[in-house]
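Biologist: Let's go through this one together, a question at a time. Could you walk me through what the model shows?

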2 protein chains.
Amino acid sequence: MPKQVDHEQRRRLLAEAVFAVIGTQGFEAVSLRDVAEQAGVSMGTVQYYFPTKRQMLSFALAHMRERVLARLQGAVTALREPTRRDLIRAATAVMLPVDAAGREEACVNIAFFSAATVTPAYAEQLRDGYGRILTVSVASFREASRLGELRDGVDPDVEAPALYFLTQGLVGPILVGLYRPDEALALVDAQLDRVFRPAPP
Amino acid sequence: MPKQVDHEQRRRLLAEAVFAVIGTQGFEAVSLRDVAEQAGVSMGTVQYYFPTKRQMLSFALAHMRERVLARLQGAVTALREPTRRDLIRAATAVMLPVDAAGREEACVNIAFFSAATVTPAYAEQLRDGYGRILTVSVASFREASRLGELRDGVDPDVEAPALYFLTQGLVGPILVGLYRPDEALALVDAQLDRVFRPAPP
DNA sequence: GGCTTTTTCATGCGAGTGCATGGTAACGGT
DNA sequence: ACCGTTACCATGCACTCGCATGAAAAAGCC
């Protein structure tokens with residue numbers, strides 16, 4: 001029984017094609033034909049790996065989550081001797097559309113957020129994904145608080161969601177050109193300044 | 001020359017139908033037939049008032065902005081002897097999907113944000129609309145700062161965007177059920193507590 | 001090499017799309 | 001009362017959509 005291709009890898013390839021189509025032509029323009037063309041295969045192949053369009057999009061959403069997490073992991077491990085603030089700042093920067101990859105991910109994510117308002121399955125996936133990130137963020141802030149890195153009177157259970165939602169709120173405005181990435185990062189830094197104790201020289 | 005109907009009002013009616021369709025079936029499901037049925041008219045009528053679908057959606061986006069501003073105005077004027085913090089909090093609450101109207105508006109807005117990533121005309125409209133709100137917010141914070149209502153060392157030019165983008169970032173998570181409206185308002189209040197001086201008894 | 005299984009593709013189909021067209025009802029001015 | 005403008009509607013058309021079908025190509029196993 002021959003099994004020469006890795007189905008999961010093939011699906012990831014198609015998911016990347018989905019991202020490209022969403023990023024260049026928008027979510028509503030995603031069709032099986034466009035995805036097939038973008039991936040360089042025929043339409044039948046797309047159907048072979050995804051029985052239905054919705055399943056394809058659902059897989060793409062799951063793959064997008066993993067892609068973001070991978071990029072986040074990479075950005076974190078790239079730091080040499082980072083402080084906790086450095087880690088949080090790097091993770092925040094990953095979620096902002098500052099480069100091409102981040103912008104594509106942001107476009108895809110906002111598209112799925114929009115679709116999630118009428119497709120509960122997407123909403124559940126987004127809850128899981130972002131809820132996990134939020135949990136990690138809270139844990140990181142709590143650890144910083146335990147180590148005395150935060151200013152007096154700063155509640156990590158408030159500041160973690162605050163920074164997280166601030167970041168989320170910056171994505172849309174950056175995408176439409178209302179705010180520049182450097183302005184957004186400056187705002188994030190200002191927030192971090194107010195939360196973290198100044199570093200001892 | 002008979003002119004018995006108000007074209008602008010008719011367009012607003014159709015725009016409201018567009019909102020209903022987006023809110024219940026999603027942005028990509030918006031068709032001229034759906035809008036016509038939702039509005040209780042025929043498809044030809046929709047075409048009569050909007051030469052093309054894109055112009056209809058563009059008008060709908062502009063009308064949505066006015067609807068939000070009207071609801072914001074209403075919420076603000078409903079307050080009796082409000083403090084500046086009360087005003088800012090009320091305006092913030094309007095932009096969060098806490099009730100049915102707010103939720104519908106949020107669904108429509110996020111849909112247009114998504115579409116704006118590939119439709120520059122939408123992006124420009126969103127920039128104008130939200131940029132205006134942001135400007136007003138900054139002005140309000142500056143006024144509060146001038147009157148000494150803010151805590152020491154608080155920069156209104158930082159806090160105004162921070163609160164605004166925090167609010168924007170809360171919209172999506174509330175829509176998908178990751179965060180509850182009361183949690184979001186609590187976060188906003190915490191932010192306001194940190195920015196505004198405690199009220200003198 | 002033959003054969004089965006896996007993988008890929010081309011094509012067809014019904015449904016739905018945006019838009020164009022021609023026709024019809026309603027109203028205001030004279 | 002009549003007519004022209006306005007408002008509205010039903011229908012047709014070319015197109016695209018997701019999905020189903022059947023066949024061709026590729027690849028491991030005997």
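**How the copies meet**

Modeller: Sure. Every bit of the interface on chain A, 100% of its interface residues, is also interface in chain B, so the two copies meet through the same surface. Keep in mind that this is a predicted model.

Biologist: By what turn can chain A be laid on chain B?

Modeller: Superposing chain A on chain B gives an RMSD of 0.0 Å, with a shift of 0.0 Å along the axis. The two copies are thus related as by a two-fold rotation axis. The turn that does it is 180 degrees.

Biologist: Which residue of chain A has the C-alpha nearest the axis?

Modeller: Look for the C-alpha in chain A that sits 1.7 Å from the axis. That one belongs to Gly169(A).

**Around the DNA**

Biologist: Which helix gives the largest share of the surface near DNA strand D?

Modeller: Several helices each supply at least two residues there: helix 2 (32-39) and helix 3 (43-49) of chain A, plus helix 1 (7-25) and helix 3 (43-49) of chain B. The largest share is four residues. They come from helix 3 of chain B.

Biologist: Which part of DNA strand D does Gln47(A) reach with a polar side-chain atom?

Modeller: Start with the other polar contacts. Ser31(A) has a polar side-chain atom 3.3 Å from a phosphate oxygen of DNA strand D, and a side-chain N or O atom of Thr45(B) is 2.3 Å from a phosphate oxygen of that strand. For Gln47(A), the distance is 3.1 Å, and the partner is a base nitrogen.

Biologist: What percentage of the atoms of DNA strand D within 4 Å of the protein belong to sugar or phosphate?

Modeller: Those atoms split into two groups, with bases making up the rest. The sugar or phosphate part is 72%.

Biologist: How many charged residues does the surface near DNA strand D have?

Modeller: There are 23 residues around the strand, and among those that come nearest are Met43(A) and Arg10(B). By class, the surface has nine nonpolar and nine polar residues. The charged ones number five.

**Two helices in chain B**

Biologist: Are helix 1 and helix 4 of chain B roughly parallel or roughly perpendicular?

Modeller: Their axes come within 9 Å and cross at roughly 90 degrees. Residues making the contact include Phe19(B) of helix 1 and Phe59(B) of helix 4, and the contact as a whole has eight nonpolar, one polar and five charged residues. Given that crossing angle, the two helices are therefore roughly perpendicular.

Technical notes
Residues are numbered from 1 along each chain as its sequence is written. Chains are lettered from A and ligands numbered from 1 in the order in which they are written. This is a predicted model: local features need pLDDT of at least 70, side-chain atom pairs count only at pLDDT 80 or more; totals for chains, interfaces and linings use all residues. Side-chain values use heavy atoms; hydrogens and water are left out. A residue is near a molecule or strand if one of its heavy atoms lies within 4 Å of it. A polar contact is a pair of N or O atoms within 3.5 Å; within protein, one must be able to donate a hydrogen and the other to accept it, and residues adjacent in sequence count only if both atoms are side-chain atoms. Ala, Val, Leu, Ile, Met, Phe, Trp, Tyr, Cys and Pro count as nonpolar, Asp, Glu, Lys and Arg as charged, and the others, Gly among them, as polar. Copies are superposed by least squares on the C-alpha atoms of residues with pLDDT of at least 70 in both. Contact means heavy atoms within 4.5 Å. Axes are lines fitted to C-alpha atoms, for helices over the stretch in contact, and angles run from 0 to 180 degrees between N-to-C directions. Angles under 35 degrees count as roughly parallel, over 145 as roughly antiparallel, 65 to 115 as roughly perpendicular and the rest as oblique.
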